[in-house]
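Hi everyone, thanks for coming. Please bring the model up on your screens, and I will walk you through some of its side chains and empty spaces.

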Amino acid sequence: MNYISYFENRNLSEYQDILISPECLSRLGKDKNEDVQKMVKEVKALNKRPILEWDILMTESDFDKIFSSFVLPIINQFDVVRVQDTGALKYLMENFPDKKIQLLLEGHDHNLIGIKKWEEIVGDKLDRLVLSLQLTKKSLEIYCKELNTPVEIMILGRIPLFYSPRPLANPLFEKKTEKLIGDSYMEYLASSEESAHKNLPVIENMHGTFMFNSKDHCLLECLDEVKNVGVTWARVDNRFVKNESIKKKVNDCIKEYSKDKAQKIKEQYPVGLIRGFFSVNKSDVLFKKLKNYRNIRKDHNYLGDVLDVTKGHFIGIQSKAKLNFFKNGRLELLFSTPEGKSKQVFVKEVFNSKKDKIESISPGDIFFIKHISGVSIRTRVYTISS
Amino acid sequence: MSQLPELLSPAGSLEKLKIAVSYGADAVYLGGQKFGLRSAAENFTNDELLEGVNFAHDKNSKVYVVLNSFLHDEDLKELPEFIKYLEKIDVDAVIVSDLGVVETIKEHTDLEVHLSTQASCLNQYSAKIWKDLGITRVVLGREASLKDAVSIKRYAGVEIEMFIHGSMCMAYSGNCVISNYTQGRDSNRGGCAHSCRFEYSLEDSEGLKVENTFFMSSKDLNGIMLLDQFSQSKIDSIKVEGRMKSYHYVATVTKAYRNAIDSLNDKSNWKNLNKELEKVTHRSYTDASLISKAGSDSVYDEREHEDSEYTVVGLVREVIEGEYLLLEVRSKFHVGDTLELVPFKENSFEFVCEFLVDMTESKLDSSKPGTLVKIPYVKNCSVWNIVRKRNR
């Protein structure tokens, strides 16, 4: 297993690749543009690879603005660039054919077909695929076998939840303090007033507003499993950990791994730690509770919906189908209520809104039958094949 | 030279499709039971899709089906059968975010593919990469301006679709997973819990607090007064958000933009059309990033509420000329109330509800939601018209 971390980490001995994050190109980057050259030299002197982190998303205007000035000399200093924006990817492939690319697919690429296609698109320029925190170990194992590119996942760090280009927090504090904050790098903690979610870190800077989970992602305890599924690069992002002793313990844990060390880090870590979706991802199982599936019409023999029920008198139905009543001398209907109850009934007479008896209906027609107990509005109506 | 953009409206259900098309949408977008981002919407069964496509095509409107979830491997297995069905029933295009979905569609069908706003395509280089993958139209991220769009279209050579109206994600679309971690619901597979609309308190590193803020909630987009710029920019399609929105919203917004497109050479009525957009439930409006980057004034720092100038009292289900309208009642109203009919094309007009009769022919003083009633016949009325009432 190889490890990658940020230049900000300072203690770089255990890491083979070092991410340098210039503030103009990196979402959370604090590295000053003018310092990048020095950092690159320093990393190379340690016999490690400097990687340029270019993970902002850019509109056409942002692209123009960035490239009108200082970015080209920065890119030129690196052999390997990490990107998420598909525009940045294309730009690099067209304009810097000698650069190696690390493609960030951390956001939402969760199927092998798509990931393999990205691999094909970038071709031999692809240095690494950075995969999503939401992938399970089972998926990672399959992907690592099927892909021809080394795979990286984050094993320790903040979980990004939200990325907006708009200034959302600084203006509120500007108003409160009457001090100019502008797009300065600021950190806040957000707590929901409507749910149990407290202390969600928020960062605002020149690229917009970012929110993170209140608990950090940590796979240190199951590092053996990470290795066993075939992941070859593990990222440690401890930029937001201020306790130097914890950082040292993390480095030590990587150097000479033991579960005990990982457990102690977990106990002493400044915020709660979770494994996220590494074991299982069931983030679609609650969908069935989002609507009343009993109310979804079944296509077979569907006739229409009940629009009106007047007890003791009639039921009004809007037809969605063409139907000749009494073709066989009788009409048998099935009523399926929103509560999930079914009722099968023979209908003798059918009327229009003028109370005239009718013998056929067309799609869109409203028709009426005598009241049937237990049937409510929004009940689905089906014909029963004779 | 300007160009008339396609008006693309939301169709959260078959009835809403019929309303959107009847009120002037050139195209509608809708979702099947799976693969879209609105799990809680009614959505379409396969037969409803067929009926919807036939209805729209009969009226020269197009139908685009959203398949814009970011799918996991197991979800993709079910996709081929569905997309083959979409091709068979002659759907005009599908709207996709995920490269795995694009590849699956290309492997199994010849369907036209549009790139969803979820993919956050914001620049010409991104548009080029997707064009190379067979995408014919890009729905730009809402962060792109009209100026950006012109440049992207010129250099990438793809059709451009832009949102012009409706609710907006505060985050770059597809780049928010708050629901995944706080609610256990994958926002990129249709489970968004709208956590950005919640109330929060914020604390800075010195302990200073801002409480009771909706700092992540966006105002709603309204670009009607910029429509001539969309046209001059040769934007191919203007999109109205809102598959979860009401009949009233779909009808009113579609009609306002239809009339604005049809009167691009004479904007004298546009202020009135903009007033029409005030009549539906909405958050405060903003033009967001259409002209310049959205700033802090684009935040809707209020609790969600349902204030609206008008309430829909019913939907016309049958017209018996010279006698009565059969109305499916949505909200209570009284005999003697002044109601407003919203015809498909002509201006809305008021009429007095002089009688109200239920289906047993009993006279009523007031209507009850969830029933059918007869109200006076008015000219220029059609099935699927909206009847509304001004709130006092």
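Let me begin with one term: a residue is buried when its relative accessible area is under 20%, exposed when that area is over 50%, and partly exposed in between, using a 1.4 Å probe and the protein chains only. A good example is B:R388, which is buried because its relative accessible area is 0%.

A word on the source. What you see is a predicted model, where local features need pLDDT of at least 70 and side-chain atom pairs count only at pLDDT 80 or more, while totals for chains, interfaces and linings use all residues. Residues are numbered from 1 along each chain as its sequence is written, chains are lettered from A and ligands numbered from 1 in the order in which they are written, and side-chain values use heavy atoms, leaving out hydrogens and water.

Now, charges. Side chains of opposite charge can pair when their charged atoms come close. I call it a salt bridge if a side-chain nitrogen of Lys or Arg is within 4 Å of a carboxyl oxygen of Asp or Glu. Over all chains, that rule gives 55 salt bridges.

Back to B:R388: its side chain meets B:E340 in a salt bridge, at 2.8 Å from N to O. This pair links distant parts of the chain, with B:R388 in strand β19 (residues 386-390) and B:E340 in strand β15 (residues 338-342) of chain B, 48 residues apart. Strands here are DSSP runs of E with at least two residues, helices are runs of H or I with at least four, and both are numbered from the N terminus. Is B:E340 buried or exposed? With a relative accessible area of 5%, B:E340 is buried.

Also in chain B, B:E328 and B:R330 form a salt bridge of 3.2 Å, N to O. Here B:E328 is buried at 9% relative accessible area, whereas B:R330 is partly exposed at 25%. Another bridge joins B:E241 to B:K245, with the closest N and O atoms 2.9 Å apart, and both of these residues are buried. Over in chain A there is a network of salt bridges, whose members include A:D17, A:R49, A:R82 and A:E106.

Next, the rings. A pair of aromatic rings is described by the distance of the centres and the angle of the planes. Rings of Phe, Tyr and Trp (its six-membered ring) pair if their centres lie within 6.5 Å, and planes under 30 degrees apart count as stacked, over 60 as edge-to-face and the rest as tilted. How many aromatic pairs does the structure hold over all chains? There are 20 aromatic pairs. Take A:W54 and A:F63: their ring centres are 6.3 Å apart and their planes are at 65°, so the pair is edge-to-face. A:W54 is buried at 0% relative accessible area, and A:F63 is buried too, at 3%. These two belong to one aromatic cluster with A:F67, A:Y91, A:F96 and B:Y125.

A:F314 and A:F368 are another edge-to-face pair, 5.5 Å centre to centre with 75° between the planes. A:F314 lies in strand β16 (residues 314-319) and A:F368 in strand β21 (residues 366-370) of chain A, so the pair ties together parts that are 54 residues apart in sequence. Both phenylalanines are buried.

Finally, the empty spaces. On a 1 Å grid over the protein atoms alone, a cavity is a set of points where a 1.4 Å probe fits but cannot get out, a pocket is an open set with protein on both sides within 12 Å along at least five of seven lines, and lining residues have an atom within 4 Å of a point. Grid points are joined across faces, edges and corners, and a volume is the space filled by probe spheres set on the points.

The structure holds six cavities of 30 Å³ or more. The largest cavity has a volume of about 550 Å³. It is lined by 34 residues, and those closest to its centre are A:R27, A:D55, A:Q84, A:E106 and A:P160. Strand β8 of chain A gives the largest share of that lining, four residues. The second largest cavity comes to about 240 Å³, and among the residues closest to its centre are A:Q84 and B:A119.

As for pockets, the second largest has a volume of about 630 Å³. Its lining has 33 residues, and B:K293 is one of those nearest the centre. Thanks for listening!
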